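Open the model in your viewer and keep the selection panel at hand. The tour moves from a strand to its partners, then to the ligand.

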Amino acid sequence: MTDGREPTSRDRHAKDTARSPDGTRIRDVVAAATLSAAQDVEVKMRASDLTVRYGETVAIRDVSIDVHSHQVLALIGPSGCGKSTFLRSLNRMNDTVPGVSVSGQVHLDGEAIYGPEVDPVLVRRRVGMVFQRSNPFPKSIFENVAYGLRIAGVRERGVLAERVERALRHAGLWDEVKDRLPESGLSLSGGQQQRLCIARALAVEPEVLLMDEPASALDPIATAKIEDLVSDLRDEVTIVIVTHNMQQAARVSQRTGFFYMGRLVEVGDTTQIFTRPKERETEDYITGRFG
Ligand code: ADP
């Protein structure tokens, strides 16, 4: 209301029946937008007061952050600030590091992944990972992708072939390798090897994909392909990506978290973080004053 009086039922009716130029009722448009906003913020993973120590060294402290479903969350910050440690805590990959201790909690679809009864192998099947350096096995292109499926007990050749093809298509690699599936994965270029590793991770159909600087060792063309892929993949999976490249974070993500010295300084919509950061430390970092 602009005249300061309380809205009457007539006002409310007028608002409900108001129409946009194409004849759609504004109320329906607003309701649809609200619904879609609500769907957009479905929480896939939630870290609460997460602290990770390597022996006496505190790598991250009291990190709380939500990972929204079917979005890309980028994690930025200077080297050594705890981004990879945080990423690895989302699928219990840190469990494999000697001397590590984790306190706080991480939930996946509301279930605590650090619960005593939880099998970390099953967590890692739901929350896959792609590393900085592509690491194909010295096996054929086909077997690199089929690997996780075989471990998961898929034996039938037809099913394996279909799942391998689907994963390679999702990773944007099928057309380049469909005629050379028996060749070694190591015969591919660096960018193709990284997409092969992405296909390998996708083959077991994870719900979340963690990517630790997946393009940092690649040339600009291969990097652009990985970035396009990340944007396309969010229809399939929820993605958390660590990157030291702020332009990359701005290009591929919907939300960005800034880490500094083991703390999550701020997290928000990517546009807001890069144009109107709330914290001074974030502003200093994105404007290149340190890091
Ligand atoms: P970033 O990914 O931001 O570069 P990391 O998570 O790799 O940061 O590191 C955070 C801190 O934890 C650093 O001080 C680093 O030296 C330490 N750290 C990381 N991995 C290990 C490890 N396996 N053992 C001991 N300390 C580690």
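Which residues point one way from strand 3, and which the other way? Select strand 3, residues 72-76 of this predicted model, and look along the strand. Val72, Ala74 and Ile76 point one way. Leu73 and Leu75 point the other way. In a regular strand, side chains alternate between the two faces of the sheet.

Now check burial. Five of the five residues of strand 3 are buried, so the strand is largely enclosed by the rest of the structure. The cut-off for buried is 20 or more other C-beta atoms within 10 Å of the residue's own.

Next, add strand 8, residues 238-242. Strand 8 runs parallel to strand 3, and four bridges join them. Zoom in on Leu73: Val240 of strand 8 stands opposite.

Then add strand 9, residues 255-260. Strand 9 also pairs with strand 3 in the parallel sense, over four bridges. Pick Ala74 here; its bridge partner in strand 9 is Thr256.

Last stop: the ligand. Select the residues that surround it: Tyr54, Thr57, Ala59, Gly77, Ser79, Gly80, Cys81, Gly82, Lys83, Ser84, Thr85 and Val97. Color by element: strand 2 (57-68) and helix 3 (83-89) each give two or more residues to this shell. Which element gives the most? Helix 3 does, with three residues. Recolor by class, and the shell shows four nonpolar, seven polar and one charged residues.

Terms used
Residues numbered from 1 in each chain as written. Predicted model: local features only at pLDDT ≥ 70, side-chain atom pairs only at ≥ 80, totals over all residues. Near = placed C-beta within 6 Å. Nonpolar A, V, L, I, M, F, W, Y, C, P; charged D, E, K, R; others polar. Buried ≥ 20, exposed ≤ 12 C-beta atoms within 10 Å, placed from the backbone. Pairing = 2+ DSSP bridges.
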